[in-house]
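Colleague: Could you take a close look at one part of this model for me, the enclosed space inside the protein, and tell me what surrounds it? I would also enjoy a tour of the parts of the chain around it.

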Amino acid sequence: GLAVSIDITERKEAEDALRAGEERFRTLVESAADPIFVQVRERFVYVNQAAMRLYGASSPEELLGRSIFERFHPDYRARIEERIHALFETYRPAPMMEMVHVRVDGSPVDVEATAVAIEYGGESAVVVFVRDITARKAAEARIAADLDALTRLHALSTAFYSAEQIDTMLQDTVDAAVAITGARRGMLHLAEAEELRIVAQHGESPPLPP
């Protein structure tokens, strides 16, 4: 499948290092390829370089001490709060979850994340492991679009139209062409002598030239 999960070995090493001491934890995760951050009382207390790049922060100060919910799309706040509560109830890693985070400039980014409850600086904390899945989501969208195009083409190639349904067939053809190409509008013309006549269209007609 297309699913991509965060490397379990990297995550376990980070968890073990955190238990052994914060300095070792920082040394290990600072160069990690995936974004990692630690939150205490729902505020950032540590972000690695990859997390800064993910969120488009030019310095740690743009994130540290600020609410983690500034970096989560509002639609996910309730679910994140539930996951944090469950973490401190069970102390079991949170399952991998797809969600939308928000960069410092306000732009969204598709991610998947898992989290573990730990102790950091003598306080209960959560270390969050994130992966940018923007490329994967784009690939999935392209595959879905290709599948839709194939489905439409197959439907057209196998459809039966009677002589009385010629207008329906022409309209279905234009609708399918627009959907497959992603165009805003489409028109099918019939040439009659020296005149072109629109026989089917999708979307608004372009303005006529003066």
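Modeller: Happy to; here is the cavity, followed by the chain, its cores and a few individual residues. Please keep in mind that this is a predicted model.

Let me start with the cavity itself. Searching the whole structure turns up one cavity of 30 Å³ or more. The space in this largest cavity comes to about 140 Å³. Its lining is made up of 15 residues, and the ones nearest the centre are Ile80, Arg83, Ile84, Ala115 and Val128.

Which elements supply at least two residues each of that lining? They are β1 (36-40), α4 (77-90), β3 (94-102), β4 (108-120) and β5 (123-132). Helix α4 gives the largest share, with four residues. As for chemistry, the lining divides into twelve nonpolar residues, two polar ones and one charged one. As you see, Arg83 is among the residues nearest the centre.

To place those elements, it helps to step back to the chain. Its secondary structure consists of six helices and seven strands. Read from the N terminus, the order is α-α-β-β-α-α-β-β-β-α-α-β-β. The chain has 210 residues, and 33% of them count as buried. If you take the contacts between residues at least 6 apart in sequence, 43% of them join residues at least 24 apart. The exposed surface of the chain is about 12800 Å², with 54% of it supplied by carbon and sulfur atoms.

Next comes the nonpolar packing. The largest nonpolar core contains 28 residues, and Phe37 and Met99 have the most contacts inside it. Elements that each supply at least two residues of this core are β2 (43-47), α3 (49-55), α4, β3, β4 and β5. Strand β4 contributes the most to this core, namely five residues. A second core, separate from this one, has twelve residues, including Val29, Ala32, Val40 and Tyr46. Helix α4 and strands β3, β4 and β5 therefore appear both among the suppliers of the cavity lining and among those of the largest core, as the burial cut-off of under 20% relative accessible area defines it.

Met99 deserves a closer look. Setting aside residues up to four places away in sequence, Met99 touches Phe72, Tyr76, Ile80, Val109, Asp110, Val111 and Ala113. One of these partners, Ile80, is also among the residues nearest the centre of the cavity.

Another partner of Met99 is Val109, which sits in strand β4. Is Val109 buried or exposed? Val109 has a relative accessible area of 1%, so it counts as buried. Beyond residues up to four places away in sequence, Val109 touches Leu54, Met99, Val100, His101, Arg103, Asp132 and Thr134. Val109 and Arg71 are 38 residues apart along the chain, and their C-alpha atoms are separated by 9.9 Å.

Just ahead of that strand there is a contrast. Asp105 lies in the loop between β3 and β4, and its relative accessibility of 63% makes it exposed. Asp105 and Ala57 are 48 residues apart in sequence, with 8.8 Å between their C-alpha atoms.

Helix α2 (residues 22-29) is where Arg26 is found. Arg26 has a relative accessible area of 30%, so it is partly exposed. Apart from neighbours within four places in sequence, Arg26 is in contact with Tyr46 and Tyr120. Between the C-alpha atoms of Arg26 and Tyr46 the separation is 8.7 Å, although the two are 20 residues apart along the chain. Tyr46 is the residue included in the second core.

Finally, here are two backbone details in loops next to elements that line the cavity. Arg41 is in the loop between β1 and β2. Its phi is near 50°, a positive value in a residue other than glycine. With 64% relative accessibility, Arg41 counts as exposed. Tyr91 is placed in the loop between α4 and β3. Tyr91 also has a positive phi, about 55°, although it is not a glycine. The relative accessible area of Tyr91 is 48%, so Tyr91 counts as partly exposed.

Conventions. Residues are numbered from 1 along each chain as its sequence is written. This is a predicted model: local features need pLDDT of at least 70, side-chain atom pairs count only at pLDDT 80 or more; totals for chains, interfaces and linings use all residues. Side-chain values use heavy atoms; hydrogens and water are left out. On a 1 Å grid over the protein atoms alone, a cavity is a set of points where a 1.4 Å probe fits but cannot get out, and a pocket is an open set with protein on both sides within 12 Å along at least five of seven lines; lining residues have an atom within 4 Å of a point. Grid points are joined across faces, edges and corners, and a volume is the space filled by probe spheres set on the points. Ala, Val, Leu, Ile, Met, Phe, Trp, Tyr, Cys and Pro count as nonpolar, Asp, Glu, Lys and Arg as charged, and the others, Gly among them, as polar. Buried means under 20% relative accessible area, exposed over 50%, partly exposed in between (1.4 Å probe, protein chains only). Contact means heavy atoms within 4.5 Å. Accessible areas come from the Shrake-Rupley method with a 1.4 Å probe; for residues, only the protein chains shown count as cover. A nonpolar core is a set of buried Ala, Val, Leu, Ile, Met, Phe, Trp, Tyr and Cys residues joined through side-chain atoms within 4.5 Å.
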